[in-house]
Amino acid sequence: MIASPDRTPLPREFFDRPVLEVAPDLLGRLVVRATPDGPITLRLTEVEAYDGPNDPGSHAYRGRTARNGVMFGPPGHVYVYFTYGMWFCMNLVCGPENRASGVLLRAGEIVEGAELARTRRLSARNDKELAKGPARLATALDVDRSLDGTDACASGDTPLRVVAGSVVPADQVRNGPRTGVPGDGAVHPWRFWVADDPTVSPYRAHVPKRRRG
């Protein structure tokens with residue numbers, strides 16, 4: 001008999017660790033999103049770590065801004081950013097305050113509320129594609145900047161929380177280069193995923209934009 005996933009909210013201490021410890025440990029955890037139409041639950045299958053001042057690929061590499069301020073706050077909070085003028089992406093803040101590291105949630109399996117996720121992801125060809133990529137994940141979970149700063153460790157009435165779920169065994173965890181990261185940040189093998197999981201997004205190297213002229 002397969003044990004049911006643990007629904008206990010992850011404690012603050014889980015996130016108050018080095019980001020390279022937290023990131024692979026998030027695989028198999030559940031993100032529970034409360035929406036006006038009902039809950040949606042996602043099992044994390046792919047994440048990327050970003051190490052603040054030590055990482056040229058991080059939004060916090062050059063310090064605090066109005067956009068990234070949540071990254072400098074307490075661990076266990078949600079950092080949401082807007083990208084390419086159309087998409088939102090969601091991160092979980094890690095480490096001590098003012099350290100500004102975080103984990104980008106790249107992909108997952110919708111395990112509850114798929115019917116709601118489908119209404120937001122009309123272009124998905126099947127349920128494996130509902131949250132296959134960071135922007136798709138945020139769209140499926142109805143995440144936007146209004147959730148920036150949300151405490152993902154909170155219990156009770158909260159729009160989003162992360163719960164224990166089922167830990168992925170270490171021999172099923174893979175890692176490699178992060179997707180689409182340019183420059184010096186491209187060398188870090190800080191993308192982690194569940195081996196052979198069909199919801200994991202394909203790797204894509206950064207492609208520089210062509211200059212006009």
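Here are three short exercises on the structure above, each with a worked solution.

This is a predicted model, in which local features need pLDDT of at least 70, side-chain atom pairs count only at pLDDT 80 or more, and totals for chains, interfaces and linings use all residues. Residues are numbered from 1 along each chain as its sequence is written, and side-chain values use heavy atoms, leaving out hydrogens and water.

**Exercise 1.** Find how many helices and strands the chain has, and their order.

Solution. Start by counting DSSP runs: helices are H or I runs of at least four residues, strands E runs of at least two, numbered from the N terminus. This gives four helices and nine strands. Next, read them from the N terminus: β-α-α-β-β-β-β-β-α-α-β-β-β.

**Exercise 2.** Work out where Arg191 and its salt-bridge partner Glu46 sit.

Solution. A salt bridge puts a side-chain nitrogen of Lys or Arg within 4 Å of a carboxyl oxygen of Asp or Glu. For Arg191 and Glu46, the closest N and O atoms are 2.6 Å apart. Now locate them: Arg191 is in strand β9 (residues 191-194) and Glu46 in strand β3 (residues 38-50), 145 residues apart. Finally, both residues are buried (under 20% relative accessible area with a 1.4 Å probe, protein chains only; exposed is over 50%, partly exposed in between).

**Exercise 3.** Decide whether Asp127 and Arg118, another salt-bridge pair, are buried or partly exposed.

Solution. First, check the N to O distance, which is 2.9 Å. Then take the relative accessible areas: Asp127 has 36% and Arg118 has 39%. Asp127 is therefore partly exposed, and so is Arg118.
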